[in-house]
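Visitor: I'd like a quick tour of this one before I set anything up. Could you walk me through it?

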Amino acid sequence: MVGCAGAARVGDVAQSIRIGLIGCGVVGTGILRLLRDHAGSIESRLGAPLDIRRIVVRDASSARDEVVPRNLLSTDAQALLDDSEIDIVVEVMGGVSRAGELVRAALERGKHVVTANKALLAEQGDELVTLAEARSVDLYFEAAVAGGIPIIRVLREALASDQVVALRGIVNGTSNYILSRMQSEGSSFEDALREAQAAGYAEADPTLDVNGGDACHKLAILATLAFGARVQPTDVPTEGIESITAGDIEFAKRFGFVIKPLAVARQVLGASSPEQHSTKLDLRVHPALVPQDSVLASIPGAINAVHIEGAMLGPCVLSGPGAGALPTAMSVVSDIVDVGRNLLIGAHGRVPSRAFRGDRLKTIPIQDAGDHRSRFYLRTMVRDEPGVLAAIANVLGKNHVSIEQMFQDGSDTPVAVVMLTHEARERDVTAALKQIDALANVVSAAQAIRVEH
Ligand code: NDP
Ligand code: HSE
């Protein structure tokens, strides 16, 4: 589409693209550093300089990095929204409620918006994109998923002629950092989380990182773009990494696996009748055992990776820094350049924010989590008494769960009984674990982790 909001500004924007920045923490400061260090090359690519006009924060008096122009700081978001000279509002403050109000207000005033806020997009993306389309402005969000990896652009533009069959990835840097440090350095969960926070990887509330909520938001966004379907965070069964112990990491290694925080979205053909197949989406966020020689097993620290399977393309992996100030700032500023290019030619909406036109998004049924089939890693802590292994094996067998490998670890009671199952239905494994937990010699609830190939 050409015309409308951008067209009236073509004369002005040749002088500069004017930006209002909301939030100047890890990512906002990274944006200012990048704009300072790359100003010349950005202007050469864009044809106009990027000009930060206002910066809104929570506390304008607090200490800031030397790249932050203090004269632009204020707590007055309204003044930024009312500034008719600002072309693009960049939201990097986080949270859903207030950020949503500000983004909505910016779009309503005909300002383009760039955001890194996956929680906001996952919760309110449908409403905000619809509003942006109605107001003939762009809403871009490359940094919202996998930090510096250009995964949104790939799904939106590079794969426009393909159909995505499946996506599997590590999309939360903090949880990958924690598990990697526990594995490679023997760090405690708490120490590794503290390091991730100090490095600027974690959310303001890191609960979302470790309980899978952040990855769930990102998967909802990715699945919408990949499958052209409206996907809500509530559609994604989500488990965090909080229950993974150093023992689980060690036992998984003995079976030839590494534990990684995965997000999975794939199309499954469900046979509704022998003649007719109906497609469903299998969506999951959980830690998983991946083979030691797989690509995802080798992704360390805060690095993210997304393995895409395209019907025509086949397999393709994108990997890189998934969090942190500069990789994330790079994605935000690349979006600003894209919007700036649109502004300079008086265009908007050339590439739909969600890859598919809003009026063509589908509703695809979600597969029941209980129907998922995989191998499972199971660990249960038991009093080492005669008959306990037989009792566990008996319960698994009765529930159609077959054991592939099993060992007992430890000499002091309780000991760990660790098993790898053959492929089994999740519903059957859940039923079996409930019965195992109730056995006389079992001392605590069993750990179950899916195996992903
Ligand atoms: P920070 O907590 O470091 O920074 C938040 C900034 O927003 C601060 O400058 C804060 O002001 C300001 N702010 C918070 N609330 C308000 C408010 N109500 N009104 C005005 N300003 C406010 O967060 P990050 O920079 O780490 O993250 C920002 C966004 O980017 C989040 O949505 C996050 O999910 C996303 N993101 C972060 C990545 C990362 O690696 N950190 C990677 C990808 C996305 P003050 O400085 O005064 O406290
Ligand atoms: N807290 C997020 C993470 C930031 O650790 O991946 C990047 O979205």
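**Domains, ligands and a few oddities**

Guide: Sure. This is a predicted model, and the interface of domain 1 and domain 2 is a good place to start: 10 residue pairs, both at pLDDT 80 or more, are in polar contact across it.

Visitor: Which helix supplies the largest share of the side of domain 1 that touches domain 2?

Guide: Two helices each supply at least two residues of that side, namely H7 (118-134) and H14 (325-344). With 6 residues, the largest share comes from H7.

Visitor: And how do the residues on that side divide into nonpolar, polar and charged?

Guide: In the contact between the two domains, domain 1 takes part with 26 residues and domain 2 with 23. On the domain 1 side, the split is 8 charged, 4 polar and 14 nonpolar.

Visitor: Where do the domains sit along the chain?

Guide: Domain 1 comes in two pieces, 9-147 and 326-359, while domain 2 covers 152-321. The C-alpha centres of these two lie 27 Å apart. The assignment also gives domain 3, at 369-451.

Visitor: What area do domain 1 and domain 2 bury between them?

Guide: Start with who pays for it in domain 1: Lys118, Glu142 and Val145 lose the most area to domain 2, together 26% of what that side buries. Carbon and sulfur atoms hold 58% of the area buried between the two domains. The total is about 2,100 Å².

Visitor: Which residue meets glutamate 142 in a salt bridge?

Guide: Glutamate 142 is among the residues of domain 1 that lose the most area to domain 2. There are 6 salt bridges between these domains. The side chain of glutamate 142 has its salt-bridge partner at 3.1 Å, N to O, and that partner is arginine 153.

Visitor: On to the ligands. Which residue has a polar side-chain atom 2.7 Å from an oxygen atom of ligand 1?

Guide: Ligand 1 has 22 residues around it, the closest being Cys24, Asp59, Arg64, Glu203 and Gly324. Backbone atoms play a part too: a polar one of cysteine 24 is 2.8 Å from a ligand 1 oxygen, and an N or O of valine 26 lies 2.9 Å from one. The side-chain atom you're after belongs to glutamate 203.

Visitor: Which side chains have an N or O atom 2.7 Å from a nitrogen atom of ligand 2?

Guide: The residues around ligand 2 include Lys118, Gly173, Glu203 and Asp209. Glycine 173 uses a backbone N or O atom, 2.7 Å from an oxygen of ligand 2, so rule that one out for a side-chain question. For a nitrogen of ligand 2 at 2.7 Å, the side chains are those of glutamate 203 and aspartate 209.

Visitor: Any backbone geometry to check? Which residue joins proline 414 through a cis peptide bond?

Guide: Most peptide bonds are trans, and most residues other than glycine have a negative phi. Alanine 146, in the loop between strand E6 and helix H8, has a positive phi of about 60 degrees. Proline 414 lies in the loop between strands E14 and E15. Its cis bond, with omega about 0 degrees, is to threonine 413.

Visitor: Last one: how many residues apart are glutamate 239 and arginine 450?

Guide: They're a salt-bridge pair at 2.9 Å, N to O, in a structure that holds 36 salt bridges. Glutamate 239 is in the loop between helices H12 and H13, and arginine 450 is in strand E17, so the pair links distant parts of the chain. The separation is 211 residues.

Conventions: Residues are numbered from 1 along each chain as its sequence is written. Chains are lettered from A and ligands numbered from 1 in the order in which they are written. This is a predicted model: local features need pLDDT of at least 70, side-chain atom pairs count only at pLDDT 80 or more; totals for chains, interfaces and linings use all residues. Side-chain values use heavy atoms; hydrogens and water are left out. Domain bounds come from an automatic or database domain assignment. Contact means heavy atoms within 4.5 Å. Buried area is the accessible area (1.4 Å probe) that two parts lose on being put together, summed over both. A salt bridge is a side-chain nitrogen of Lys or Arg within 4 Å of a carboxyl oxygen of Asp or Glu. A polar contact is a pair of N or O atoms within 3.5 Å; within protein, one must be able to donate a hydrogen and the other to accept it, and residues adjacent in sequence count only if both atoms are side-chain atoms. Helices (H or I, at least four residues) and strands (E, at least two) are DSSP runs, numbered from the N terminus. Ala, Val, Leu, Ile, Met, Phe, Trp, Tyr, Cys and Pro count as nonpolar, Asp, Glu, Lys and Arg as charged, and the others, Gly among them, as polar. A residue is near a molecule or strand if one of its heavy atoms lies within 4 Å of it.
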